[in-house]
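Hi everyone, thanks for coming. Please have the sequence and the 3D view open while I talk, and stop me whenever something is unclear.

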Amino acid sequence: MNTYDFKGKTVAVTGGANGIGAAVVDRMVQGGAKAAIWDIDSDTRDARLAKLPAGALYFPQTDVADMASVTDTFAATQPALGPVDVFVDSDGFSGPSRTVAAYPFDTFRDPTRTTLYVHIP
């Protein structure tokens, strides 16, 4: 397995509570990073914190589809772990499986807002 040196780095990972985002958090922490998990899924918080070294994680519940939540989390991450050096966008949104033309516009707006809000805080 490849190893990477992230000592002294802080990473913020949206969707870091589960799936690919969680795997990214694990690998980066193994490489020496501190990680902020920006995720709405707070049910996995205790298990994630117990799995990795003490002090390596910051896990504020974050709704990346809500600009105020993203802004608050961004502002709180630096005092908790230091300035964010690496940002990984791994949040997921699952909507109806339809063609773009048949996709309800109000549902379509949510993932669009998620992407924009996370990248333009």
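**A walk through the fold**

Let's start in the middle, with the sheet. Four strands make up an open sheet in the order β3-β2-β1-β4, and their pairing is parallel. Look at the two ends of that order: β3 and β4 are the edge strands, each having a single partner, so one side of each has no neighbour in the sheet. One thing to say early on is that this is a predicted model, and I'll come back to how confident the prediction is.

For anyone new to sheets, here is a bit of background. Strands in a sheet pair through backbone hydrogen bonds, and the pairing can be parallel or antiparallel.

Now let's look at the pairs around β1. On one side, β1 runs parallel to β4, and 4 bridges join the two. If you want a spot to click on, Val13 sits opposite Val88 in β4. On the other side, β1 and β2 are also parallel, joined by 5 bridges. There, you can find Val11 opposite Ala35 in β2.

How many residues of β2 are buried? The answer is 4 of its 5, so β2 is largely enclosed by the rest of the structure.

Let's zoom out for a moment. The protein chain has 4 helices and 4 strands. Reading from the N terminus, the elements go β-α-β-α-β-α-β-α. Of the 121 residues in the chain, 33% are buried. And if you take contacts between residues at least 6 apart in sequence, 54% of them join residues at least 24 apart.

Next, the helices that sit on the sheet. Helix α1 packs on the sheet and touches β1, β2, β3 and β4, with its direction at about 170° to that of β1. Helix α3, residues 67-81, packs on the sheet too, touching β1, β2 and β3, and its direction makes about 160° with that of β2.

I'd like to stay with α1 a little longer. This helix has 12 residues and spans 17 Å from the first C-alpha to the last, close to the 16 Å expected at 1.5 Å a residue. Which residues of α1 are buried? They are Gly21, Ala22, Val25, Asp26, Met28 and Val29. Those buried residues pack against β1, β2, α2, β3 and β4. Just past the end of α1, have a look at Gly32, which takes a positive phi of about 105°.

Did you notice Asp26 in that list of buried residues? Its relative accessibility is 11%, and buried means under 20%, so Asp26 counts as buried. That brings me to the charged pairs. In general, side chains of opposite charge can pair when their charged atoms come close.

The structure holds 3 salt bridges. In one of them, the side chain of Asp26 meets that of Arg48, at 2.9 Å from N to O. Arg48 belongs to helix α2, residues 45-51, and Asp26 to helix α1, residues 19-30, so this pair ties together parts that are 22 residues apart in sequence. Arg48 is buried as well, with a relative accessible area of 6%.

Asp26 has another salt bridge, with Lys51, where the closest N and O atoms are 3.0 Å apart. Asp26 is in helix α1 and Lys51 in helix α2, so here the pair ties together parts 25 residues apart in sequence. Is Lys51 buried or exposed? Lys51 is exposed, with a relative accessible area of 54%. Put together, Asp26, Arg48 and Lys51 are linked in a network of salt bridges.

There is also a salt bridge between the side chains of Asp5 and Lys7, at 3.9 Å from N to O. Both Asp5 and Lys7 are exposed.

Last, as promised, the confidence. The mean pLDDT of the protein chain is 81, and 75% of the residues reach 70 or more. Among the elements, strand β2, residues 34-38, has the highest mean, 95, while helix α4, residues 105-119, has the lowest, 51. Over residues 112-121 the pLDDT is below 50, and this stretch has 19 contacts in the model beyond near neighbours in sequence. As a general habit, where pLDDT is low, the predicted coordinates should not be read in detail.

That's my tour. Thanks for listening, and I'm happy to take questions.

Terms used: Residues are numbered from 1 along each chain as its sequence is written. This is a predicted model: local features need pLDDT of at least 70, side-chain atom pairs count only at pLDDT 80 or more; totals for chains, interfaces and linings use all residues. Side-chain values use heavy atoms; hydrogens and water are left out. A salt bridge is a side-chain nitrogen of Lys or Arg within 4 Å of a carboxyl oxygen of Asp or Glu. Buried means under 20% relative accessible area, exposed over 50%, partly exposed in between (1.4 Å probe, protein chains only). pLDDT is the predictor's confidence in each residue, from 0 to 100. Contact means heavy atoms within 4.5 Å. The expected span of a helix is 1.5 Å times one less than its number of residues. Two strands pair if DSSP finds at least two bridges between them. Axes are lines fitted to C-alpha atoms, for helices over the stretch in contact, and angles run from 0 to 180 degrees between N-to-C directions.
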